[in-house]
Amino acid sequence: AHPPASLQRGLLGGVVGVATEVLPERLLVCGGRPAVFGPACPSVLLVHGMSDEQTSPRAAELSANALRAALGGEERVVLNVFPGRGGQMLRGGHAEEMLCVMQFFSDHLHGVGRRGSE
């Protein structure tokens with residue numbers, strides 16, 4: 001399968017998932033596949049909580065590992081699990097959580113932070 005043209009040209013700077021997981025049935029399909037997209041592949045940040053009752057931290061880790069296998073490695077997919085965090089959306093008042101998201105934006109999205117000067 002060929003990636004979409006936008007990925008081939010590297011137009012997608014990154015993907016952020018909050019309190020999410022790769023569906024279990026997709027994990028079976030993804031498991032052990034080699035990287036598909038190469039250098040134009042987007043980076044992924046997953047933000048998760050240790051206290052999430054819907055998606056366990058283990059499910060988030062399995063998802064991150066499947067994405068790493070599919071997208072080309074550890075540097076492409078970052079999983080941050082925060083203690084005391086449930087399954088809610090981003091907490092704007094949580095300094096550490098916001099720092100990790102803003103750093104990801106700065107490092108990966110086109111026209112923002114470091115990438116805006118390239």
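Visitor: What makes up this chain, and what makes a stretch a helix or a strand?
Guide: The chain holds five helices and three strands. Both are DSSP runs, numbered from the N terminus: a helix is H or I over at least four residues, a strand is E over at least two. Along the sequence they follow the pattern α-β-α-β-α-β-α-α. Please keep in mind that this is a predicted model, where local features need pLDDT of at least 70, side-chain atom pairs count only at pLDDT 80 or more, and totals for chains, interfaces and linings use all residues. Residues are numbered from 1 along each chain as its sequence is written, and side-chain values use heavy atoms, leaving out hydrogens and water.

Visitor: What makes the three strands a sheet, and in what order do they stand?
Guide: Two strands pair if DSSP finds at least two bridges between them. Strand 1 and strand 2 are joined by five bridges, and strand 2 and strand 3 by six. Both values meet the requirement of at least two, so both pairs count. The result is an open sheet in the order 1-2-3, with parallel pairing.

Visitor: Why are strand 1 and strand 3 said to stand at the edges?
Guide: Strand 1 and strand 3 (77-82) each have a single partner strand, so one side of each has no neighbour in the sheet. On average, neighbouring strands are turned by 15 degrees against each other, direction ignored. Angles are taken between axes, which are lines fitted to C-alpha atoms (for helices, over the stretch in contact), and run from 0 to 180 degrees between N-to-C directions.

Visitor: Which residues are bridge partners across the sheet?
Guide: V16 has L45 of strand 2 as its partner, while L46 is matched with L79 in strand 3. Also, G49 stands opposite F82 in strand 3.

Visitor: Why is S43 called buried?
Guide: A residue is buried under 20% relative accessible area, exposed over 50% and partly exposed in between, using a 1.4 Å probe and protein chains only. S43 has a relative accessibility of 7%, under the 20% cut-off, so S43 is buried.

Visitor: What makes strand 2 largely enclosed?
Guide: S43 belongs to strand 2 (residues 43-49). Seven of the seven residues of this strand are buried, so the rest of the structure largely encloses it. S43, L45, V47 and G49 point one way, and V44, L46 and H48 the other. Such a pattern fits the general picture, since in a regular strand the side chains alternate between the two faces of the sheet.

Visitor: How do you know that S43 and H108 make a polar contact?
Guide: A polar contact is a pair of N or O atoms within 3.5 Å; within protein, one must be able to donate a hydrogen and the other to accept it, and residues adjacent in sequence count only if both atoms are side-chain atoms. The side chains of S43 and H108 are joined at 3.2 Å, which is within 3.5 Å, so the distance fits.

Visitor: Which category does M98 fall into, and which does E53?
Guide: M98, in helix 4 (residues 95-108), has a relative accessible area of 22%; that is between 20% and 50%, so M98 is partly exposed. E53 sits in the loop between strand 2 and helix 3. Its relative accessibility of 77% is over 50%, so E53 is exposed.

Visitor: What does M98 touch?
Guide: Contact means heavy atoms within 4.5 Å. Leaving aside residues up to four places away in sequence, M98 touches L90, R91 and G92.

Visitor: How do you know that the span of helix 3 is close to the expected one?
Guide: The expected span is 1.5 Å times one less than the number of residues. Helix 3 (residues 57-71) has 15 residues and reaches 21 Å from first to last C-alpha, close to the expected 21 Å. Its buried residues include A59, S63 and L71.

Visitor: What makes the phi of A19 stand out?
Guide: A19 lies in the loop between strand 1 (14-18) and helix 2 (24-30). Its phi is positive, about 50 degrees, although A19 is not a glycine. Most residues other than glycine have a negative phi.
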